[in-house]
Structure formats: structure tokens, C-alpha cells
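Me: I'm new to this structure and would like a close look at just one part of it. Could you pick the helix and walk me through how it sits against the rest?

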Amino acid sequence: MESVFVVQHLNILNEDEDQVKMIGVYRSHETAVAAVERLKIQPGFCEHPRIVDTLEDEDRRGFYVEEYALDQDHWREGYVTETYPID
């Protein structure tokens, strides 16, 4: 199976708004982690410089390094958009 590694950064602005930045797509886990090392000292990223462990960490802010298999659907179901009235 061929795969790539996607790097993103999450910042939580408030309880209703997340800010996700797509950093890049890399051929190996090592090059993905190297990208995090380069960026984690930059403004904004340095406030949440760690790679998040989704199984262990309660704080979701930081970098995400996730492996994705190529030529596969990764979202296999539809979705529902919920809207809320503005008071």
C-alpha cells in the first residue's frame, strides 16, 4: 500500500471556532516530522508546537501528522449540515 503523510496545525480560537492550517503532504513520516521541526519556531505555530497524540492528549492544539493511503476514499459516508439561528 502506498501512502502519504499529511501535516496540519490546529488552533482553537474559542469553543465554537477552530483554525486549521494545511501545512503539506509528504512522502514519509520522517519528512513530515522534519516539516513540523522547521515550522514550530515560527510565529503562531510556536504557541502550540507539539505533535498531538490523538489517543493520549486532551489538548487538541498543535500539529497533526496523519498517514493516508493513496487511491482510497477516506470519507465514505454523506454528511448533514447543521445551522443555528443567530440571536
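**A close look at α1**

Reply: Let's start on the outside: Glu-30 and Arg-38 are exposed, and they sit on the face of α1 that is turned away from its buried side. Keep in mind as we go that this is a predicted model.

Now flip over to the other face. Ala-32, Ala-35 and Val-36 are the buried residues to look for in α1. These three span an arc of only 100 degrees around the axis, so they end up on the same side of α1. What do the buried residues of α1 pack against? They pack against β1, β2 and β3.

That brings us to the sheet. It's an open one with three strands, ordered β2-β1-β3, and the pairing is antiparallel. β2 (17-26) and β3 are the edge strands; each has a single partner, so one side of each has no neighbour in the sheet. From one strand to the next, the twist averages 25 degrees. If you zoom in on the β1 and β2 pair, you'll find nine bridges joining the two antiparallel strands. For a landmark there, find Gln-8, which stands opposite Met-22 in β2.

Back to the helix and what it shares with those strands. The largest nonpolar core has nine residues in all: Phe-5, Val-7, Tyr-26, Ala-32, Ala-35, Val-36, Phe-45, Phe-63 and Val-65. At least two of them come from each of β1 (3-14), α1 (29-39) and β3. Which element gives this core its largest share? That's α1, with three residues. As a general rule, nonpolar side chains in soluble globular proteins tend to be buried together.

Val-7 is a handy place to see the helix and the strands come together. Skipping its neighbours within four places in sequence, Val-7 is in contact with Ala-32 and Val-36, and also with Tyr-26, Phe-63 and Val-65. Its other contacts are Lys-21, Met-22, Ile-23, Gly-24 and Tyr-64.

One last stop, away from the helix: the segment after β3 (62-69) is where you'll find Asp-71. Its phi is near 60 degrees, a positive value in a residue other than glycine. Is Asp-71 buried or exposed? Asp-71 is exposed, because its relative accessible area is 83%, and the cut-off for exposed is over 50%.

So, to retrace the tour of the helix: Glu-30 and Arg-38 are on the face turned away from the buried side, while Ala-32, Ala-35 and Val-36 are buried and belong to the largest nonpolar core.

Conventions:
Residues are numbered from 1 along each chain as its sequence is written. This is a predicted model: local features need pLDDT of at least 70, side-chain atom pairs count only at pLDDT 80 or more; totals for chains, interfaces and linings use all residues. Side-chain values use heavy atoms; hydrogens and water are left out. Helices (H or I, at least four residues) and strands (E, at least two) are DSSP runs, numbered from the N terminus. Buried means under 20% relative accessible area, exposed over 50%, partly exposed in between (1.4 Å probe, protein chains only). A nonpolar core is a set of buried Ala, Val, Leu, Ile, Met, Phe, Trp, Tyr and Cys residues joined through side-chain atoms within 4.5 Å. Contact means heavy atoms within 4.5 Å. Two strands pair if DSSP finds at least two bridges between them. Axes are lines fitted to C-alpha atoms, for helices over the stretch in contact, and angles run from 0 to 180 degrees between N-to-C directions. The arc is that of the directions from the helix axis to the C-beta atoms.
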